[in-house]
Amino acid sequence: MTHHSSQVSADLIWEIARNQNSYLVKRASSGGVRFSRDPLNLTNVHSRKYAGFVNDKAVGISPAEGDKGGVTLITKKTKHPQRPGSSVNKVTFGGSKTTRKTYKGIVSSTAKSGYRSDLRAEAVARASAIRLSQTPKKDAPEKKLRGSKAKKAAAEKDE
């Protein structure tokens with residue numbers, strides 16, 4: 001987390017740190033795309049809207065540690081911005097909890113605390129993607145033969 005002062009605006013911090021910061025990842029391929037590794041960035045897109053290290057009220061979603069999965073909601077406290085070590089609040093929603101309850105918990109905790117409402121959809125989408133990645137994948141079923149290939153296979157089976 002970066003140092004914030006009451007005398008320096010978030011816009012000024014963004015203008016200074018937008019071209020070069022520790023979270024920025026530049027890719028030469030695909031037309032020079034820029035990504036962000038910021039833990040409080042919900043979409044991993046390098047932009048002012050999603051930059052968690054700049055915004056006073058930022059929300060992040062990360063996978064929970066442990067075997068059962070789940071997600072961890074990370075919110076940034078605004079009371080003491082000069083204390084980066086204690087300026088983060090973490091709430092874990094376990095893997096045994098249903099996805100609807102997880103999403104409801106994320107939305108209600110951000111809404112009740114006065115966090116940005118424009119980030120709620122992105123927060124739920126990120127939690128959904130993390131939960132989907134934690135589910136075991138099924139093997140793809142064998143493709144059935146169709147048309148003339150099926151007739152040949154049936155003829156060979158009868159012989």
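**Exercise 1. A nonpolar patch on the surface**

Determine which residues make the nonpolar surface patch of about 270 Å² in this predicted model.

*Solution.*
Step 1. The patch is made by V8, L12 and I16.
Step 2. Locate V8: this residue lies in the segment before α1 (10-17).
Step 3. Check the exposure of V8. Its relative accessible area is 35%, so V8 is partly exposed. A residue may join a patch if its relative accessible area is over 30% and it has no salt bridge.

**Exercise 2. The nonpolar cores**

Identify which members of the largest nonpolar core touch the most other members, and state which elements supply this core.

*Solution.*
Step 1. The largest nonpolar core has 13 residues, and the members that touch the most others are I61, V71, L73 and I106.
Step 2. At least two residues of this core come from each of β3, β4 (70-76) and α4 (120-134). The greatest contribution is that of α4, with three residues.
Step 3. Consider I61 in detail. Beyond four places in sequence, the residues it touches include V71, L73 and I106, and also A123, A127 and I130.
Step 4. A second core, separate from the one above, consists of eight residues, among them A10, I13, W14 and F53.
Step 5. Relate this to a wider tendency: in soluble globular proteins, nonpolar side chains tend to be buried together.

**Exercise 3. The salt bridges**

State how many salt bridges the model contains, and explain what the pair D11 and R48 ties together.

*Solution.*
Step 1. Apply the cut-off: a side-chain nitrogen of Lys or Arg must lie within 4 Å of a carboxyl oxygen of Asp or Glu. The count is three.
Step 2. D11 and R48 form one salt bridge, at 2.9 Å from N to O. D11 belongs to helix α1 and R48 to the loop between β2 and β3, so the pair ties together parts 37 residues apart in sequence.
Step 3. E15 pairs with R18, with the closest N and O atoms 3.3 Å apart.
Step 4. R116 pairs with D118, and here the closest N and O atoms are 3.2 Å apart.
Step 5. Examine exposure in the pair of Step 2. D11 is partly exposed at 48%, and R48 is partly exposed at 24%.

**Exercise 4. A charged residue without a partner**

Decide whether D38 is buried or exposed, and find the nearest side chain of opposite charge.

*Solution.*
Step 1. D38 is placed in the loop between β2 (34-36) and β3 (59-63).
Step 2. D38 is buried and has no salt bridge.
Step 3. The nearest oppositely charged side chain is K76, 7.2 Å away.
Step 4. Apart from neighbours within four places in sequence, D38 contacts Y23, N44, A51, G52 and F53.

Definitions and conventions
Residues are numbered from 1 along each chain as its sequence is written. This is a predicted model: local features need pLDDT of at least 70, side-chain atom pairs count only at pLDDT 80 or more; totals for chains, interfaces and linings use all residues. Side-chain values use heavy atoms; hydrogens and water are left out. Helices (H or I, at least four residues) and strands (E, at least two) are DSSP runs, numbered from the N terminus. Buried means under 20% relative accessible area, exposed over 50%, partly exposed in between (1.4 Å probe, protein chains only). Lys and Arg count as positive and Asp and Glu as negative; His and the chain ends are not counted. Contact means heavy atoms within 4.5 Å. Patches are made of residues with over 30% relative accessible area and no salt bridge: like charges are joined within 9 Å, nonpolar side chains (Val, Leu, Ile, Met, Phe, Trp, Tyr) within 5 Å. Accessible areas come from the Shrake-Rupley method with a 1.4 Å probe; for residues, only the protein chains shown count as cover. A nonpolar core is a set of buried Ala, Val, Leu, Ile, Met, Phe, Trp, Tyr and Cys residues joined through side-chain atoms within 4.5 Å.
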